[in-house]
Amino acid sequence: MPHDDFPAGSVWLVGAGPGDPDLLTRKAERLIAAADVVFYDALVGPCILDLIAHGAERISVGKRSGRHSKDQRTIDALIVAAALAGKRVVRLKGGDPAIFGRTAEEVTACRAAGVLVRICPGITAASAAVASAGTSLTLRGVARRLTLVTAHAQAGTTLDLDWTALAASDSTLAIYMGRAAAATVAQQLVAAGRSPDTPVLVVVNASLPNERIIRGRLSSLAFLVEAISAHDPAMLIVGEAVEADPAFARAQCTPIRAGVTVA
Ligand code: SAH
């Protein structure tokens, strides 16, 4: 493994995975330990932050729905400034940096400043969610497409998605940041022709000790997410594939309330 890939004054955007430190890549672990400074998101678990070297700086740029502690331009500027000061910079992000991770902005800012920037991929929340539930994102002959979609509307706007495309019955939807909009998502998908009986899987805190797995149908999605706190990350997975092995999945279920685990 090359150990000369992190020169002083360079930046790595590193995927921290869904939270369980065992789901970090070996490369991510090595880069985190080698960094002089780590800028991390709110969704990066404490056990992963323990891998930062003693004496290295750790700076929370914690972005979480409704609580954006630093805006994106400030984060871009902080990363660039640290690299230009000659530090080895890790920008640690939940899941995979390339999926709803503002990676394009940070890469552009680094390149514009002449800073070497590279990306270390991570396990995305959708993969962790179905793994925990013992199921799959695709299903041979049934779910041939996988759509990663965010249901987070920008401040002051309504959710503007191509509902007709999303309603296609052969597609699994992995919905990020979808808790608050769950009722709208279900209603719009059904209005666009998706069956109300479509299986849904909700996984809260996937891969973490406080993980919860909730199963139901599209018609009950709004109800299924009701008890989830805004502070807990949740993946909504919609589609036939998530019911590929219901008996196994049921055995794995942790109900949040009696009666909502299986529709
Ligand atoms: N880059 C990340 C996604 C960032 S968007 C990735 O690839 O996973 C943040 C959203 O991801 C959260 O609102 C939630 O929908 C989802 N998410 C991230 N970590 C999660 C986890 N451990 N469990 C469930 N959902 C998670």
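The exercises below, each with a worked solution, go through the ligand site, the cysteines and several single residues of this structure.

The model is predicted, and local features need pLDDT of at least 70, side-chain atom pairs count only at pLDDT 80 or more, while totals for chains, interfaces and linings use all residues. Residues are numbered from 1 along each chain as its sequence is written, and side-chain values use heavy atoms, with hydrogens and water left out.

**Exercise 1. Describe the shell of residues around the ligand.**

Step one is to list the neighbours, where a residue is near a molecule if one of its heavy atoms lies within 4 Å of it. There are 17 residues around the ligand, and those that come nearest are Asp96, Ile99, Thr124, Ala206 and Ala234.

Step two is to sort the shell by residue kind, with Ala, Val, Leu, Ile, Met, Phe, Trp, Tyr, Cys and Pro counted as nonpolar, Asp, Glu, Lys and Arg as charged, and the others, Gly among them, as polar. The shell then divides into 12 nonpolar, 4 polar and 1 charged.

Step three is to place the ligand relative to the domains, whose bounds come from an automatic or database domain assignment. Domain 1 (11–120) and domain 2 (125–244) both give residues to the shell, so the ligand lies between them.

**Exercise 2. Find backbone atoms that make polar contacts with the ligand, and state how much of the ligand is covered.**

A polar contact is a pair of N or O atoms within 3.5 Å; within protein, one must be able to donate a hydrogen and the other to accept it, and residues adjacent in sequence count only if both atoms are side-chain atoms. A backbone N or O atom of Gly94 lies 2.9 Å from a nitrogen atom of the ligand. For oxygen atoms of the ligand, a backbone N or O atom of Asp96 lies 2.8 Å from one, and a backbone N or O atom of Met177 lies 2.9 Å from one. On its own the ligand has 540 Å² of accessible area, of which the protein covers 90%; such areas come from the Shrake-Rupley method with a 1.4 Å probe, and for residues only the protein chains shown count as cover.

**Exercise 3. Count the disulfides, then decide whether Cys110 and Cys120 are buried or exposed.**

A disulfide is a pair of cysteine sulfur atoms within 2.5 Å, and by this rule the count comes to 0. For the second part, buried means under 20% relative accessible area, exposed over 50%, and partly exposed in between (1.4 Å probe, protein chains only). Cys110 is buried because its relative accessibility is 1%, and Cys120, with a relative accessible area of 2%, is buried as well.

**Exercise 4. Locate Ser10, Ser169 and Ser195, and give the accessibility class of each.**

Helices (H or I, at least four residues) and strands (E, at least two) are DSSP runs, numbered from the N terminus.

Begin with Ser10, which lies in the segment before β1 (11–15). Ser10 counts as buried at 1% relative accessibility, and a polar atom of its side chain lies 2.7 Å from the backbone oxygen of Pro7.

Continue with Ser169, in the loop between α6 (163–166) and β9 (171–176). Ser169 is exposed, since its relative accessibility is 60%. Although Ser169 and Arg194 are 25 residues apart in sequence, they are 6.4 Å apart in space, C-alpha to C-alpha.

End with Ser195, in the loop between α7 (182–191) and β10. At 34% relative accessibility, Ser195 is partly exposed, and a polar atom of its side chain lies 3.0 Å from the backbone nitrogen of Asp197.

**Exercise 5. Examine the positive phi angles of Asn205 and Ser207.**

Asn205 is not a glycine, yet has a positive phi of about 55 degrees, and Ser207, also not a glycine, has one of about 75 degrees. Asn205 is found in the loop between β10 (199–204) and β11 (212–217), and Ser207 lies in the loop between β10 and β11 too. Checking accessibility, Asn205 is buried at 5%, and Ser207 is buried with a relative accessible area of 17%.
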